[in-house]
Amino acid sequence: FALIIAFIITGTTRLCHSLFENSDISILISMPFSSLEIFASKLTWVYVRQAVASLITVLTINLTFFITVNLISAYNVLMSVVVAVLLPVFPLSVAAVIALPYYYLKRVITSHYLLNFAAMTALLVGFCLLYAYLFGIAENLIGSGKLASLFNEFTMARIAGFAKNAYPSNLIAGIMLRREVGKNIGIFIGILAGAALIALPLIRFIFIRVTQKGFGAHVPHVHHKKLIFVRKNRLLNLLNKEFLNVLRTPGYAYMYFATAIIMPIMTYYSAKLSSSLVSGMLGNIEYDFEVCTFIVLLYSTLTNTFCSTNISRDGYMASMQKTLPYTPAQILSAKMIFSGAVSMLSILISCIVLVACNLESAGNGVITFISAAMLAAAQIAFATRLDLNHPHFSRTDDGEIKEANSTVSVIILTGLVVCFVIGLLLLYNTLKGLITGAPSEADRGASYAYAICLPLALLAGALAYFFVNLKKAYDNLDTER
């Protein structure tokens with residue numbers, strides 16, 4: 001059921017991007033292809049992406065479940081594959097119906113900066129409130145010892161009641177468990193066929209209207225600012241350009257400024273919950289530095305992804321910048337300073353919150369900040385150079401990057417590996433102190449050394465990677481790739 005909801009959401013955004021926002025439509029309609037062929041290729045591509053995700057998710061979950069309960073069989077494997085292939089049809093049909101209303105609503109909101117910013121702020125506030133609420137429940141369950149009785153008879157009965165009426169997920173479960181197989185297959189196929197018969201003509205009609213008339217969004221400009229040429233520092237000029245680029249693009253503004261707000265909240269609740277959990281497991285062992293440092297490093301890595309599009313975010317402006325009297329180091333340094341400003345601010349606020357709430361001492365908070373700041377700087381330098389070597393420029397008319405690219409995935413994965421390596425080393429020192437009775441000064445010194453020396457080494461390596469053949473890499477930058 002959760003997978004169906006996720007496919008409806010992702011299917012709506014992908015159909016909207018593919019049918020209404022992708023700039024290749026204007027090229028395809030001028031070529032000897034019928035609207036039906038173009039529509040079929042677009043819809044097939046969206047379906048294939050969801051089918052691959054469905055195969056990976058359904059097979060992983062089903063095979064794990066069947067092996068665990070010793071129900072693995074050729075029938076279960078075959079039906080898991082069949083269901084995984086057919087599952088995206090229903091979510092895509094629902095997505096096709098709501099794609100055009102979603103696009104119109106999105107166009108109305110994004111065409112007005114204040115309305116867009118208000119909507120994103122409301123979403124951010126809602127996320128923070130939900131995050132705090134869920135972590136409050138988890139902390140209460142762990143602190144009161146009620147976690148073991150969470151899945152009692154009443155809870156399981158509620159879950160079973162929901163699963164029994166969760167169409168079409170309950171049909172799939174019945175097929176997998178061989179309960180009324182013929183009936184469930186017939187109803188499931190009927191739902192898929194009905195959804196396809198309703199959605200396909202509707203989305204094709206919408207697509208033809210789009211290709212014939214177009215629904216281009218227009219962003220109004222309230223006033224025109226008179227250009228004033230003044231002498232400024234070159235670095236300040238470049239930083240000003242970065243800020244204007246973000247502030248005039250609501251999506252970028254949300255991603256940039258939300259980092260400074262979300263990270264301290266997530267850090268506080270995670271540190272508080274982890275402290276309660278670790279305290280019950282390890283007793284009176286001093287662990288505040290290790291827990292807080294790991295959490296700050298982890299959330300800093302997860303939220304510091306805006307730097308992954310430092311080059312790609314410029315779009316065709318990247319070629320124009322190469323003609324200006326700036327060195328590659330000046331242009332890229334401004335981008336890294338711009339990305340680092342919000343990252344360092346969010347880390348600083350997080351550390352201040354931890355110290356103010358007595359989750360970490362002031363001295364340990366300073367070391368946590370130094371460690372996280374160096375790791376964030378290393379991440380920004382590495383991401384900027386990686387994006388320079390392999391840019392992902394947007395092909396839409398507005399040039400805005402709306403989807404994550406491979407650079408974001410590499411940065412997050414690399415950062416997570418580094419965080420867990422440092423976290424495991426810090427955990428080793430904590431467990432070592434538990435085994436010996438109490439942590440010694442040498443153990444605490446080793447924790448400080450791990451927290452500072454490893455990010456420092458990574459920062460040195462990232463800067464070396466950034467500056468090696470920098471001018472050659474910048475000269476080879478091509479927005480048409």
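User: Why is Lys471 called exposed?

Analyst: Lys471 has a relative accessible area of 55%. The cut-off for exposed is over 50%, so Lys471 at 55% earns that word. Keep in mind that this is a predicted model.

User: And what makes Asp475 partly exposed?

Analyst: Asp475 has a relative accessible area of 42%. Partly exposed is the range between under 20% and over 50%, so Asp475 belongs there.

User: How do you know that Lys471 and Asp475 form a salt bridge?

Analyst: Check the distance first. The closest N and O atoms of Lys471 and Asp475 are 3.1 Å apart. A salt bridge needs a side-chain nitrogen of Lys or Arg within 4 Å of a carboxyl oxygen of Asp or Glu, so this pair passes. As for location, both residues lie in helix α18 (residues 470–475), four residues apart, which is about one turn of the helix.

User: What lets two side chains pair like that in general?

Analyst: Side chains of opposite charge can pair when their charged atoms come close. In this structure there are four salt bridges.

User: What makes Lys335 and Glu242 a salt bridge?

Analyst: Their side chains meet at 2.8 Å, N to O. The limit is within 4 Å, so the pair counts as a salt bridge. Lys335 sits in helix α14 (residues 328–356) and Glu242 in helix α10 (residues 234–247), so this contact ties together parts that are 93 residues apart in sequence.

User: Are these two, Lys335 and Glu242, buried or exposed, and how do you know?

Analyst: Lys335 has a relative accessibility of 1%, and Glu242 has 2%. Buried means under 20%, so both residues count as buried.

User: Which other residue forms a salt bridge with Glu242, and what makes it one?

Analyst: That is Lys241, with its closest N atom and the O atom of Glu242 2.7 Å apart. The value is within the 4 Å limit, so the name salt bridge applies. Lys241 is buried, like Glu242. There is a wider picture too: Lys241, Glu242, Arg313 and Lys335 are linked in a network of salt bridges.

User: Where does Lys335 turn up again, in the lining of which cavity?

Analyst: Lys335 helps to line the second largest cavity, together with Ile311, Asp314, Ala318, Gln321, Ile331, Tyr474 and Leu477. Helices α13 (317–321) and α14 are the elements that give two or more residues to this lining. The cavity has a volume of about 40 Å³, and the structure has two cavities of 30 Å³ or more.

User: How many residues of that lining are nonpolar, polar and charged, and what makes them so?

Analyst: The lining divides into five nonpolar, one polar and two charged residues. Asp and Lys are among the charged types, so Asp314 and Lys335 are charged. Gln is not listed as nonpolar or charged, so Gln321 counts as polar.

User: Why is Thr267 called buried?

Analyst: Thr267 has a relative accessible area of 0%. The cut-off for buried is under 20%, so Thr267 is buried. This residue is found in helix α11 (residues 250–282). Leaving out residues up to four places away in sequence, Thr267 touches Ile295, Val296, Tyr299, Ser350 and Leu354.

User: What part of the chain is buried, and how many helices and strands are there?

Analyst: Buried residues make up 41% of the 481 residues in the chain. The chain has 18 helices and zero strands.

How values were computed: Residues are numbered from 1 along each chain as its sequence is written. This is a predicted model: local features need pLDDT of at least 70, side-chain atom pairs count only at pLDDT 80 or more; totals for chains, interfaces and linings use all residues. Side-chain values use heavy atoms; hydrogens and water are left out. Buried means under 20% relative accessible area, exposed over 50%, partly exposed in between (1.4 Å probe, protein chains only). On a 1 Å grid over the protein atoms alone, a cavity is a set of points where a 1.4 Å probe fits but cannot get out, and a pocket is an open set with protein on both sides within 12 Å along at least five of seven lines; lining residues have an atom within 4 Å of a point. Grid points are joined across faces, edges and corners, and a volume is the space filled by probe spheres set on the points. Contact means heavy atoms within 4.5 Å.
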